[in-house]
Amino acid sequence: MQGLRAYRLIAGMWIRSTMAYRASFVMTAVGNFAMTFLDFVTIALMFSQVDALGGYSLSEVAFLYGLSGVSFGIADLGIGSMDRLGRRVRDGTLDTLLVRPAPVLAQLAADRFALRRLGRLTQGALVLGYALATVHIAWTPAKLLLMPVMLVSGAGIFCAVFVAGAAFQFVAQDASEVQNAFTYGGTTLLQYPPTVFAKELVRGVTFVLPLAFVNWLPASFVLGRPYPLGLPEWTAFTPPLVAVACCALAGLAWRAGLRSYRSTGS
Amino acid sequence: MGAARLYAAVAAGSFRRYTTYRAATAAGVFTNTVFGLILVYTYLALWDQKPHLGGYDQAQAVTYVWLGQAFLSTLAIGGGGVEEELMERIRTGDVAIDLYRPADLQLWWLASDLGRAFFQLIGRGVVPFLFGALFFPMALPASAARWAAFFAAIVLAMLVGFGIRFLVALSAFWLLDGAGTAQMAWLVGLFCSGMLLPLNVFPGALGEVVRLLPWSSLLQAPADVLLGHADPLATYAFQGAWAVVLFAAGRLLQSVATRRVVVQGG
């Protein structure tokens, strides 16, 4: 609870500081929006040449894209600045956070809270809106309920990836880019249907790094599509459990990372 | 002769500097490989739906993906070139020292960027490309002449890439904070270079326009030379013309900037 309060205070401070340069905020938010929008333009360009990709139509791909975009957008907005940890370890400023009476994780998550990342979230939400307006879904109460559950769980899974990535930076420091492969790479992967990718890759992101639970599995239920890897139907409802498990593991990794921290002393 | 030695030394120094970032290079190789892996499956699905899209067969499309990953950091299409450093020096006023040197600003930074680009090509480009060649069917030419023609096109691409980014960097003389221009330049660069999708897949008039813009010299031009899709001499003429135009524009802007602008700092 103390962590949440610290997070709120620090994030609030960064928002006030961002708002001091309003024009700059608007420009970077628009840039953030445009950067992710290009991903979707690419998909739209692909569909200017074909009618289906991996057996999915444009609106179905947009559905996957929107779900992945919103889930990742929430995580990125909330704790996306954590990838600065490597830099803080290198220049020794992490020590400042250690002596403050608030959890380091909360301080670091709120560090340089970047409101401009609303751009990415907005873009994901718009594409999801487009998908919902165009795709044909036979809505049932279960499907309706699954929508918000899937978005929140997806955000949880991505948060766990961010925290685990930060924990890895205690060891790797300069190699912070590795994390991008799993965060930005992960969300890019999930924008496309699972039928596009090789079985081993799908297996990897289901059983090893469970990104498939962000949208592939629950979306298969909502769209009434065959499940990747022929998994049983109930797996569509497991994302909350997977998210909790991921967060717990990431928390352990974070503890181990923080314990092993040796200050540069400078 | 003395001047050429100076710029060669600058380039060599820059090359050596990048060799010291070993962990960051390894992390970059990993990330490029993961992104290449994701992209390659989406391209395979696209070409599966529509063989010979844009005049490429499937193996050529695969080659194109891995070339893109090899060139992303080499040509600094998504940022990471010397322009960031130059912009920072303009902002802080350190550029005054650069202007004080008995060397030309544009050539100095060109030499520095070429050193960086050659390192990134070897350090970050080769491994993902070999990974791609090992695990996916690629269309690689057997003739040494074609490879030589390809490398010449890469060098010209490096010149054009720098020409664009030098103009972007100089904008900082007027704006001080060049982050906005840099972001816009990355966006346009990623889209118009064909990093997201080959330019010959772009439909209609959009395709014709992007193929004439300078960014098509970066990835599309060398790729088409390697894939035997374009006549090397015509490609060199196109790249060379853009390089000349961009360098002349850079020179003009540089002389205006250094005459008109008061350097900050003290």
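How many helices and how many strands make up the secondary structure of chain A?

**Figure 1. Overall fold of chain A in the predicted model.** The secondary structure of chain A consists of 13 helices and zero strands, and the order of elements along the sequence is accordingly α-α-α-α-α-α-α-α-α-α-α-α-α. The C-alpha trace extends over about 60 × 40 × 35 Å along the principal axes of chain A. A compact globule of 266 residues would have a radius of gyration near 18 Å, and the 19 Å found for chain A agrees with that expectation. Of the 266 residues in this chain, 45% count as buried. When contacts in chain A between residues at least 6 apart in sequence are considered, 81% of them join residues at least 24 apart.

**Figure 2. Overall fold of chain B and the confidence of the prediction.** Chain B contains twelve helices and zero strands, which follow one another from the N terminus as α-α-α-α-α-α-α-α-α-α-α-α. The C-alpha trace of chain B spans about 60 × 40 × 35 Å along its principal axes, and its radius of gyration of 19 Å agrees with the value near 18 Å for a compact globule of 266 residues. Buried residues account for 51% of the 266 residues in chain B, while 78% of the contacts between residues at least 6 apart in sequence join residues at least 24 apart. The average pLDDT of chain B is 92, with 97% of the residues scoring at least 70, and the model as a whole has ipTM 0.91 and pTM 0.91.

**Figure 3. The contact between chain A and chain B.** Chain A contributes 30 residues to this contact and chain B contributes 29 residues. On the side of chain A that touches chain B, α2 (22-47), α9 (177-182) and α10 (184-190) of chain A each supply at least two residues, and the largest share, eight residues, comes from α2(A). Sorted by class, this side of chain A comprises 18 nonpolar, ten polar and two charged residues.

**Figure 4. Surroundings of A:Ile157 in the largest nonpolar core.** The largest nonpolar core has 165 residues, of which A:Ile157 and A:Val163 touch the most other members. Apart from neighbours within four places in sequence, A:Ile157 is in contact with A:Pro210, A:Leu211, A:Phe213 and A:Val214, and also with A:Val242, A:Ala243 and A:Cys246.

**Figure 5. Annotated transmembrane regions of chain B.** An unreviewed UniProt entry carries the annotation "transmembrane region" for residues 21-44, 121-141, 147-176 and 188-213 of chain B. In the model, residues 21-44 of chain B are 96% helix and 0% strand, and the C-alpha atoms at the two ends of this span lie 34 Å apart. Residues 188-213 of chain B are 54% helix and 0% strand, with their end C-alpha atoms 11 Å apart.

**Figure 6. The environment of B:Gln60.** B:Gln60 is located in helix α3 (residues 58-74) of chain B, and this residue counts as buried because it has 22 C-beta neighbours inside 10 Å. Not counting residues up to four places away in sequence, B:Gln60 touches B:Ala139 and B:Leu227. The C-alpha atoms of B:Gln60 and B:His229 are 9.9 Å apart in space, although these two residues are separated by 169 residues in sequence.

How values were computed: Residues numbered from 1 in each chain as written. Chains lettered and ligands numbered in written order. Predicted model: local features only at pLDDT ≥ 70, side-chain atom pairs only at ≥ 80, totals over all residues. Contact = placed C-beta atoms within 7 Å. Helix = DSSP H or I, 4+ residues; strand = E, 2+ residues; numbered from the N terminus. Nonpolar A, V, L, I, M, F, W, Y, C, P; charged D, E, K, R; others polar. Rg over C-alpha atoms; globule rule 2.2 N^0.38 Å. Buried ≥ 20, exposed ≤ 12 C-beta atoms within 10 Å, placed from the backbone. Core = buried A, V, L, I, M, F, W, Y, C linked by C-beta atoms within 7 Å. UniProt positions renumbered as here; feature names shortened; annotations may be inferred. pLDDT = per-residue confidence, 0-100.
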